[in-house]
Structure formats: C-alpha cells, structure tokens
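User: Hi! I'm new to reading protein structures, and I'd like to work through one with you, step by step. Could you show it to me?

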Amino acid sequence: MIINFEKNLSPEGRAALLVLLRRKLPGARYAAAKGGLKVIGLPPQKAADAAPLIENLPGAARVTFLNAELCPLACAMSRTVLSKPLDFRRTPVFIAGPCAVEDEASYLSCARALKAAGAHALRAALFKPRSSPYAFQGLGWAGLPIIAKAKKITGLPLVTEITDTRQAARLAGVCDILQIGARNMRNYELLKEAGRSGRAVLLKRAMRATLREWLLSAEYLLKYGVKELILCERGDMLSGSGAALDFRLIREAKRLTRLPVIADPSHAAGGREAAERLALKALRSGADGLLIEAAVNPYAARVDGRQTVTAETFQKIAGRAR
Ligand code: PEP
Ligand code: MN
C-alpha cells in the first residue's frame, strides 16, 4: 500500500501524518516511496479497511495498492499447472459447443462430432443471459438430462454458465466447470456462491473491465473456495460489433497469476470467418486454449449461429494449433 502525500506537504505535515498513521495502524512498518510512504505488513482486510480512513487524514492525498496486495490469492497461485478437470499441462485446451443447448438430438450430435474433432470439454449452456427478454433464454433445467447424457456418451467435462446463485448446487451436481459470464463478472454474490460450489470455475472478463477488476473477481472465487480457476478473455463488445480480443491482457494475466488464460473468439468476432481467424490469432498470441462456439449445423442455431463455426472448421483450428 502506498500513501501519496498531498502536493507540497511540509516536513512538519509529514511528521504529523506519521503520528496519526502509527496510531491508526499499530504493527505496520513504513518505507520511503516517491511522493509518499509505503506501508508494509498489513493483511489485506486491514489494508482495505484502513485505506478510506487514511485518505481522510490531513496530508494524505491518495492510497494505492499493488495487484499482489489487492489479489494475494490470485497472484500467488502455485506454479503447478492445472491438470483437472482440464489438463493445461499440454496446451492448447479446447472447450467447444453450440452457444446454447437447444434440443437433445442436435446437442448429442454436436457432442459426438466435437469430441471427434478434438474438443477437451463441451460448452453446455442451459441458462442464457440475453439482451432481450423475448429472446430464447436457454432450456433451463429441462436441458440438464441432455447435457448429462452428452457427458456420459463422450466422457468430456461440461462447462456451463451459472446466472443465479440458486443454480449453483444443481449445476455443480452434473457440470464440471461453472462459467461466470461477462455480464456477471461483477456479480459478487454469484462469485461467492460459485466459489462455495466446490467446482472449477471459468471466469470471463467483463466488457471494458480492467485487468485489476478481472483479478479482483478471480480473488473472490479463490477466497470463497475455488481450487481450479481458468480465466477467459472475450473482448469488449457485444456479439457482432467488432472482432477484437485483448492479447496484451491475456499475457499480463498469465504473467501475474500463472492461471490458465484462454480466449473466446466467438463473442468477440460476431461472424464465423472472423471467429476462425481470431481463434488462430489468440493461440499464436499466447492463449492457453479456446472457448469456442462450434456446432454440426450452425445455420440452424437459435442463438449466435452466425458466429458459430462448423465442426469441420473447429477440427481445422484444433489441427493447426497442434
Ligand atoms: C457465452 O459464452 O455463452 C456467453 C454468454 O458469453 P459472454 O458472457 O462472454 O457474453
Ligand atoms: Mn453465444
């Protein structure tokens, strides 16, 4: 934690501030820092509680934190590479499937074809966060037996989006990885509940979220019990409004946390040709894998069909990446 002094603070002012700090933060140690003071030895909760009080003291302008101070769990993840439920010791790792589970026949045919094409896990979305309340919202619980069947047939782990805390236990009973979608990256009660579920979690970066906000959401998951965590960059736009993923953020997140960081080229692309290009670019740029919308017949999909690649294209991507 760095305490920045007010501009032109006199030596007497600094001394007075230090007296107040020593009173407020017993046990903390101090070191000189450019334009202020570095505070060492405060546990995260103490530091978080103290920051707004310190910013109110005469002479103090602002308190800032390093990533490692704000997100100690995310930044101290072990160097051992995640090996379950997805094995990141050999990358790239592919999670593929249609945007939403729509019916049993089409989903099972996708599951079989995508496994044969090189998928390591299946997208298995039952609850879809849609911009319009009139749009298809997903099959909901009616789809649970379908994805369970796909898992039994293929042996592949399931990745499903959780959109409500009340879904946690039942989804965790069948699915291997709970996905926190971009819209819910800042839904802190949902993060806590996903953390308590005991399942692995895939955390998407919210639209326009900074690296720090993304890491803080990861910190929630880890603090509330997640043992296996995957980060996923999905770009800043709504579907169909521009092909862009932030590769610099992927690299930074990997460097800071050592967590696996994958990319979702589908929602960033908005079209299947762009999704294919972006998928390959993401892998070349250091992503540890892909979460990609792929289906046997994307032309019939009720959701995001335009950006969904065919099983053949997915096989090509997986083959080229190897
Ligand atoms: C999804 O992957 O199904 C999805 C809804 O994506 P996002 O949360 O990134 O919009
Ligand atoms: Mn989608």
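Analyst: Happy to! Let's begin with a definition: a residue is buried under 20% relative accessible area, exposed over 50%, and partly exposed in between. Keep in mind that this is a predicted model.

User: Thanks! Is Lys 316 buried, partly exposed or exposed?

Analyst: Lys 316 has a relative accessibility of 46%. The band in between runs from 20% to 50%. The value for Lys 316 falls there, so the residue counts as partly exposed.

User: Which residue forms a salt bridge with Lys 316?

Analyst: Look at helix H13 (residues 311-321), where Lys 316 sits, and then at helix H12 (residues 272-284). The two partners are 40 residues apart, yet their closest N and O atoms are 3.0 Å apart. The partner in helix H12 counts as buried, at 18% relative accessibility. Its name is Glu 276.

User: How far apart are N and O in the salt bridge of Arg 205 and Glu 233?

Analyst: Side chains of opposite charge can pair when their charged atoms come close. Here Arg 205 counts as buried at 1% relative accessibility, and Glu 233 is buried too, at 0%. Their side chains meet in a salt bridge, and the N to O distance is 2.6 Å.

User: Which residue joins Arg 205 and Glu 233 in one network?

Analyst: Salt bridges can share partners, and that happens here. The network contains Arg 205, Glu 233 and one further residue, Asp 236.

User: Which protein residues are the donors of the manganese ion (ligand 2)?

Analyst: The donors lie 2.0 to 2.3 Å from the ion, and along the chain they follow the spacing C-x167-H-x25-E-x10-D. Cys 99 lies in the loop between strand E5 and helix H5 and Glu 293 in strand E12, so this pair ties together parts 194 residues apart in sequence. Both Cys 99 and Glu 293 are buried. The full set is Cys 99, His 267, Glu 293 and Asp 304.

User: How much of the accessible area of ligand 1 does the protein cover?

Analyst: Start with some contacts: an oxygen atom of ligand 1 is 2.7 Å from a side-chain N or O atom of Lys 128, and one is 2.8 Å from such an atom of Lys 204. Arg 183 also brings a polar side-chain atom to 2.9 Å from a ligand oxygen. On its own, ligand 1 has 300 Å² of accessible area, and the protein covers 97%.

User: How many residues of the shell around ligand 1 are charged?

Analyst: Among the residues around ligand 1 are Arg 123, Glu 161 and Arg 234. The shell also has one nonpolar and three polar residues, and the number of charged ones is six.

Methods: Residues numbered from 1 in each chain as written. Chains lettered and ligands numbered in written order. Predicted model: local features only at pLDDT ≥ 70, side-chain atom pairs only at ≥ 80, totals over all residues. Heavy atoms only, no water. Donors = N, O, S within 2.8 Å, 3.2 Å for Na, K, Ca; no water. Helix = DSSP H or I, 4+ residues; strand = E, 2+ residues; numbered from the N terminus. Buried < 20%, exposed > 50% of the residue type's maximum accessible area, 1.4 Å probe, protein only. Near = heavy atom within 4 Å. Polar contact = N/O pair within 3.5 Å; in protein donor to acceptor, adjacent residues only side chain to side chain. Areas by Shrake-Rupley, 256 points an atom, 1.4 Å probe, with all protein chains shown as cover. Nonpolar A, V, L, I, M, F, W, Y, C, P; charged D, E, K, R; others polar. Salt bridge = Lys/Arg side-chain N within 4 Å of Asp/Glu carboxyl O.
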